[in-house]
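Student: I've just opened this one and don't know where to begin. Could you walk me through it?

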Amino acid sequence: SKVIGTHSIQEFVSKLKRPRKIMLMVKAGQAIDDLINELLPYLEKGDILIDGGNSLFTDTERRVKELAAKGILFLGCGISGGEEGARHGPSIMPGGNPDAWPAVKPIFQAIAAKADGEPCCDWVG
């Protein structure tokens, strides 16, 4: 993989392969909504936003509905593991818009911790 630096949200989004898969790793709450609002003008139907900030499920449900109305697929992912997860892969618990799952499943299962060879990641809903 090649790393490309960008200097703005617009430039960042323009460099991503479609459908874009953008994972937000910021504090749960208003920060997620603020970042979504910054990204929205540059997204297209079918793009995927992923919240990795362990948001409250009711916030995830609200965002799924609001973004689906704009053609954007939204996932909320619980991520667990602490320092062991940082070294050996986390447990990832995705939920939200099920249409996004096939596009991110191979990525998430590849980076997740493994138990008896099986990834600690599957669709939670």
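**A first walk through the model**

Student: In the protein chain, where is confidence lowest and where is it highest?
Tutor: Keep in mind that this is a predicted model. The protein chain averages a pLDDT of 94, and 99% of the residues score at least 70. Confidence is lowest in helix H4 (residues 82-88), with a mean of 82, and highest in S2, at 98.

Student: What should helix H3 span, and how far apart are its end C-alpha atoms?
Tutor: Helix H3 covers residues 57-68, which makes 12 residues at 1.5 Å a residue. That gives an expected span of 16 Å, and it agrees with the distance between the end C-alpha atoms, 16 Å.

Student: Within what arc do the buried residues of H3 fall?
Tutor: The buried ones are Thr-60, Arg-63, Val-64 and Leu-67. Looking down the axis of H3, you'd find that these buried residues line one face of the helix, because they fall within an arc of 105°.

Student: And what covers the buried residues of H3?
Tutor: Look for both helix and strand here. The cover includes helix H2 (30-39), along with strands S2 (48-51), S3 (73-80) and S4 (91-96).

Student: Which residues of strand S1 are on its covered face, and what is the handedness of the crossover from S1 to S2?
Tutor: In S1 (residues 21-24), Lys-21 and Met-23 make up the uncovered face, while Ile-22 and Leu-24 form the covered one. S1 pairs with S2 in the parallel sense, over four bridges, and Leu-24 stands opposite Asp-51 in S2. From S1 the chain passes through H2 to S2, a β-α-β crossover that is right-handed.

Student: Where is the cis peptide bond, and what is its omega?
Tutor: Try the loop between helix H1 (9-14) and S1, where Pro-19 is found. The peptide bond from Arg-18 to Pro-19 is the cis one, with omega near -10°.

Student: Asn-54 has a positive phi; what is its relative accessible area?
Tutor: Asn-54 sits in the loop between S2 and H3, and its phi is near 55° even though it is a residue other than glycine. Asn-54 is partly exposed, with a relative accessible area of 45%.

Student: Is Asp-116 buried or exposed?
Tutor: Asp-116 lies in the loop between strand S5 (114-115) and strand S6 (118-119). This residue is not a glycine, yet it has a positive phi of about 50°. Exposed means over 50% relative accessible area; Asp-116 has 84%, so it is exposed.

Terms used:
Residues numbered from 1 in each chain as written. Predicted model: local features only at pLDDT ≥ 70, side-chain atom pairs only at ≥ 80, totals over all residues. Heavy atoms only, no water. Helix = DSSP H or I, 4+ residues; strand = E, 2+ residues; numbered from the N terminus. Expected span 1.5 Å × (residues − 1). Buried < 20%, exposed > 50% of the residue type's maximum accessible area, 1.4 Å probe, protein only. Arc of directions from axis to C-beta. Contact = heavy atoms within 4.5 Å. pLDDT = per-residue confidence, 0-100. Pairing = 2+ DSSP bridges. Right-handed = clockwise from strand over helix to strand, strands pointing away.
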